[in-house]
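The report that follows is meant to be read with the sequence and the coordinates at hand. It moves from enclosed and open spaces to strands, helices and a few individual residues.

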Amino acid sequence: MIIDPLKKVIENHDENPYKDEVNVAYRNSRRLLSLVDQLLLFRKADSGADVLKIAKLDTKELCTDVFQCFCQQAKARNIDYKLTMDDDIDPLYADQEKIEIALFNLLSNAFKFTPDGGSIEFAVAQTADEIKMTISDSGCGVAESDVSRIFNKFQQAVTSHNQKTGFGIGLFLVKHFIENHHGSVTLKSELQKGSIFSITLKKGTAHLNGHIILEQNNRSHQLLDELSVETPAVFQKEPPVPVEKGKTAEEVITDKKTILIVDDNTEIAEYLSHIFEDKYCLYVAQNGLSGYDMAVEHRPDLVISDINMEGMDGLELCAKIKQSESLGHIPVILLTAASSPETRLKGIEGGADDYITKPFDSQLLLAKVETMLKNRSQLQKYFFDNITLHESNVKVPAEYRDFLRECIKVVEENLDDDDFNVLKFAKCMGMSRSSLYDKVKLISGQSLNAFVRSIRLRRAAVLMIKHNMNVNQAAYQVGIADSRYFREQFNKLFGMVPSEYIKKYRTAFTGDMNLLKPKAKKA
């Protein structure tokens, strides 16, 4: 009642603005069905209620069918994936569904732990009495201490902290089904070099005493089809047309905020992109390393990152961004399926601004992002109003008001000090250079040097309108000797040259440096 209606919507070629969302729902409902099937099989296996339905099977056809379930994934991930099989391989007497599931789980495991660009081989060979099926990969491997217990139920190998894991029932089912056939399954593995799983099954029927041998195998591949969650080609989206590196025309001229999405799950990255694409300019990275490089290059307004990624994970990415002098002000939201207090604590300690557990509500995530960016904009507007001596109605926490007031005081007290620099500024504020940079960037959007220059220009404006100094006198008093440079920078900050500013505001000055208003027009 869920999958079939979704499938019909996808197959309908009429224009549908929600086709992408339906695609996601279809694929994930298939995954859910696959998980339910495995759980039901596990329950039967664990209780001893499952019964083998033995029939004569075409070994070559069986292995080829399972192999083809992963061809599309291998192509998309550039994995060297191949099937090698002896010629004229003999048939097997076995339960088709159980052997398909065992092979499928081993191949699924291989793809889960093999990086893009790696290799996976499915080899089938025979001797006079046995058929051996071997699945080898170039993945992360299994620690020697885990090999002996990897087939236990609910057992998960200890991998790197950012490696995706399952529920610990897949390999248990493999061992259970194969041993019920009086076969064996073994594992040879080495960390960072890969794993080799081998299934050995006996030929003939002598070992199957007590089991009824069906005269004809009428079993379909229904369960295999359900386990295989790869979407048929008809449902696949067209790959995006590659574009040259650089900013688009919209990115150059738009006033939209920019968001960097970092997730190694393409489907989730696409889903997040769909949530934000109407309101924001987006950059998408497939892992933490490329995510950090894109953050350095594009300086986004906000970063949304998954935690569990290969290479540099989300926690490491967040910490690296927050420790960067040029990126530390950027808010970071971490997404993860793990809800443990330890993971949340690591995220907070790494400087994450928010932490959202999957599954998440898209409207809640959108609202959090909008609120976070709005608060940053309000804070920077307060700074701009304060620096340019204008009345501000923006409400900001007292912490930021006091911080800005102290910054202005420190800089103005050191206007005559030729040795006053960023390091001395930080020392006077009782902060490290990086901490001061982060907070200044947060409230002003400026670097430390630009921030100090703004305060100098602010003081110059006060001198011109309150103390009746001319432009050159004011520039000299605040430590800017080049009058041309002073005029240029003043114009950038205040939106007018100093002489116009004097004419407009000198008689309007009220004595409060933050309450300047234009002169009233004469009736």
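How many cavities of 30 Å³ or more does the count come to? In this predicted model, the count comes to one cavity of 30 Å³ or more.

**Cavity and pocket**

The largest cavity has a volume of about 30 Å³, and its lining is made up of Leu92, Tyr93, Ala94, His181, Leu201, Lys202, His207 and Leu208. Two elements, β3 (92-94) and β7 (194-202), each give two or more residues to this lining, and β3 gives the most, with three residues. By character, the lining of the largest cavity divides into five nonpolar residues, two polar ones and one charged.

The second largest pocket, for its part, holds about 350 Å³ of space. Its lining consists of 15 residues, and Lys257, Asp301, His329, Gln380 and Gly445 are those that lie nearest the centre of the pocket. Helices α14 (362-387) and α17 (433-444) each supply at least two residues of this lining, with the largest share, four residues, coming from α14. The lining of the second largest pocket divides into five nonpolar, five polar and five charged residues.

**The chain as a whole**

The protein chain contains 21 helices and twelve strands. Of its 523 residues, 45% count as buried. Among contacts in the chain with a separation of 6 or more, 66% are accounted for by residues 24 or more positions apart.

**A parallel sheet and two helices across it**

Five strands, in the order β9-β8-β10-β11-β12, form an open sheet in which the pairing is parallel. The edge strands of this sheet are β9 (281-285) and β12 (354-357), each of which pairs on one side only. On average, and with direction ignored, neighbouring strands of the sheet are turned by 20 degrees against each other. Strand β11 (residues 332-336) runs parallel to β12 and is joined to it by four bridges; within this pairing, Ile333 has Asp354 of β12 as its bridge partner.

Two helices lie across strands of this sheet. Helix α11 (residues 288-298) lies across β8 (258-262) and β9, and runs at about 145 degrees to β9. Helix α12 (residues 314-323) lies across β8, β10 (302-306) and β11, and runs at about 175 degrees to β11.

**Strand β7 and its partners**

Strand β7, which contributes to the lining of the largest cavity, is also paired with two other strands in the antiparallel sense. With β5 (residues 130-137) the antiparallel pairing extends over eight bridges, and Asp137 has Ser195 in β7 as its bridge partner. With β6 (residues 184-190) the antiparallel pairing extends over seven bridges, and here Thr186 stands opposite Ser198 in β7. Strands β6 and β7 form a hairpin with three residues between them, and Gln192 in the turn has a positive phi of about 65 degrees.

Why can β7 be described as largely enclosed by the rest of the structure? The description holds because seven of the nine residues of β7 are buried.

**Three buried helix residues**

The residues below lie in different parts of the chain, and each row gives the helix and the relative accessibility.

| Residue | Helix | Relative accessibility |
|---|---|---|
| Thr59 | α3 (residues 59-68) | 2% |
| Leu436 | α17 | 0% |
| Gln489 | α20 (residues 483-494) | 10% |

The cut-off for a buried residue is under 20% relative accessible area, so Gln489, at 10%, counts as buried. Thr59 counts as buried at 2%, and Leu436 is buried with a relative accessible area of 0%.

What does each of them touch, once residues up to four places away in sequence are left out? Thr59 touches Ile89, Asp90, Pro91, Leu92, Val124, Ile131 and Met133, and one of these, Leu92, also lines the largest cavity. Leu436 touches Phe403, Phe425, Ala426, Met429, Met431 and Leu448. From C-alpha to C-alpha, Leu436 and Val422 are 9.3 Å apart in space, with their positions 14 residues apart in sequence counted as their separation. Gln489 is in contact with Arg453 and Leu457.

Conventions
Residues numbered from 1 in each chain as written. Predicted model: local features only at pLDDT ≥ 70, side-chain atom pairs only at ≥ 80, totals over all residues. Heavy atoms only, no water. Pairing = 2+ DSSP bridges. Axes fitted to C-alpha atoms, helices over the stretch in contact; angles between N-to-C directions. Contact = heavy atoms within 4.5 Å. 1 Å grid on protein atoms, 1.4 Å probe; cavity = no way out; pocket = protein on both sides within 12 Å on 5 of 7 lines; lining within 4 Å. Points joined across faces, edges and corners; volume = space filled by probe spheres on them. Nonpolar A, V, L, I, M, F, W, Y, C, P; charged D, E, K, R; others polar. Buried < 20%, exposed > 50% of the residue type's maximum accessible area, 1.4 Å probe, protein only.
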